[in-house]
Amino acid sequence: MEKIKTIIVDDHPLVRMGIKMELTSTDNICVVGEASSGLELLKLLESTTPDIVLLDILMPEMSGIEAAKILKEKHSDIKILIISAESTEETITALIGLGVEGFISKNAKPNEIAKAITSIINGDNYYGDEFSNLLYKINNAKLDENTIELTSRENEIVQLLCDGLSAKEIAAKLFITHRTVELHKENIFKKLGFRNSIELVKYAIKNKIVEI
């Protein structure tokens, strides 16, 4: 099985070292490069093509937002996982608008970064627990809850998605096929009129499908 090629971008060498040590201990992920700024990342991409970039937000020379924008414009196949100690609603909104696939705190539990990377490469978005409150506030559009009726299975899948499980993990847990999970996800998004997982997380928190 081919390993997931990863680049770590953070201006603190000790942070990069810690993340690299965690990832190199996994069976399915390899670190193919490191950078201390967005500019260094862009230069690195001239010779290296990763599957995913782990990107800090606050960096010298070029911020994570600027780097993410260029990545999505010029290297759209590369996934982005934001790893940050803290952030604001405005920053998260901007990054979501750019199409960033995931957010996780630098204070996340051991092995959660590897889990996030695997989930994103498998086609899912990933949002760490510490971003839940921000995610709840981002979209203030109100839902007409009287017109929304999710089945018990759909509610179950919404809960598991918000818990950070990938479609494959949900399929294994519920003893259904991966394709069935994807069909449920598609129906849920259509039924609720959502365009992304941020809106789904907000809905789940508001309707007490998940707790924060």
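At what angle do helix α3 and helix α4 pack, and how far apart are their axes? The points below take up this question and then turn to the sheet, a second helix pair and the salt bridges of what is a predicted model.

1. Helix α3, which covers residues 64-74, and helix α4, which covers residues 89-98, pack at an angle of about 10 degrees, and their axes lie 9 Å apart. Angles under 35 degrees count as roughly parallel, and α3 is therefore roughly parallel to α4. On the α3 side the contact is made by G64, I65, A68, K69 and K72, which meet T91, A94, L95 and L98 of α4. Sorted by class, the residues of this contact of α3 with α4 are five nonpolar, two polar and two charged.

2. The second helix pair consists of α9 and helix α10 (residues 197-206), which pack at an angle of about 75 degrees with their axes 11 Å apart. Because angles of 65 to 115 degrees count as roughly perpendicular, α9 and α10 are described as roughly perpendicular to each other. Here I188, F189 and L192 of α9 come into contact with S197, L200 and Y203 of α10. The contact of α9 with α10 divides into five nonpolar residues, one polar residue and no charged residues.

3. The strands form an open sheet of six, in the order β2-β1-β3-β4-β5-β6, and their pairing is parallel. The edges are taken by β2 (29-35) and β6 (126-127), each of which has a single partner strand, so that one side of each is left without a neighbour in the sheet. Within the sheet, strand β1 (residues 4-9) pairs with strand β3 (residues 52-55) in the parallel sense, over four bridges. As for individual residues in this pairing, V9 has L55 in β3 as its bridge partner.

4. Turning to charged side chains, a search of the whole structure finds 11 salt bridges. One of them joins E2 and K5, whose closest N and O atoms are 3.4 Å apart. E2 is exposed, at a relative accessible area of 63%, whereas K5 is partly exposed, at 23%. The pair also belongs to a wider arrangement, since E2, K5 and D51 are linked in a network of salt bridges.

5. Which residue forms a salt bridge with E154? The partner is K191, and the closest N and O atoms of this pair are 2.9 Å apart. E154 lies in helix α7 (residues 152-162) and K191 in helix α9 (residues 178-192), so the salt bridge ties together parts that are 37 residues apart in sequence. With a relative accessibility of 5%, E154 counts as buried, while K191 is partly exposed, with a relative accessible area of 37%.

6. A further salt bridge, between the side chains of K190 and E186, has an N to O distance of 3.2 Å. K190 and E186 are four residues apart in helix α9, so about one helical turn separates them. K190 is exposed, with a relative accessible area of 61%, and E186 counts as partly exposed at 37% relative accessibility.

7. A reader following helix α9 through the model will thus meet it in several of these points: α9 packs against α10, α9 holds K191, the partner of E154 in α7, and α9 contains both K190 and E186.

Terms used: Residues are numbered from 1 along each chain as its sequence is written. This is a predicted model: local features need pLDDT of at least 70, side-chain atom pairs count only at pLDDT 80 or more; totals for chains, interfaces and linings use all residues. Side-chain values use heavy atoms; hydrogens and water are left out. Axes are lines fitted to C-alpha atoms, for helices over the stretch in contact, and angles run from 0 to 180 degrees between N-to-C directions. Helices (H or I, at least four residues) and strands (E, at least two) are DSSP runs, numbered from the N terminus. Angles under 35 degrees count as roughly parallel, over 145 as roughly antiparallel, 65 to 115 as roughly perpendicular and the rest as oblique. Contact means heavy atoms within 4.5 Å. Ala, Val, Leu, Ile, Met, Phe, Trp, Tyr, Cys and Pro count as nonpolar, Asp, Glu, Lys and Arg as charged, and the others, Gly among them, as polar. A salt bridge is a side-chain nitrogen of Lys or Arg within 4 Å of a carboxyl oxygen of Asp or Glu. Buried means under 20% relative accessible area, exposed over 50%, partly exposed in between (1.4 Å probe, protein chains only). Two strands pair if DSSP finds at least two bridges between them.
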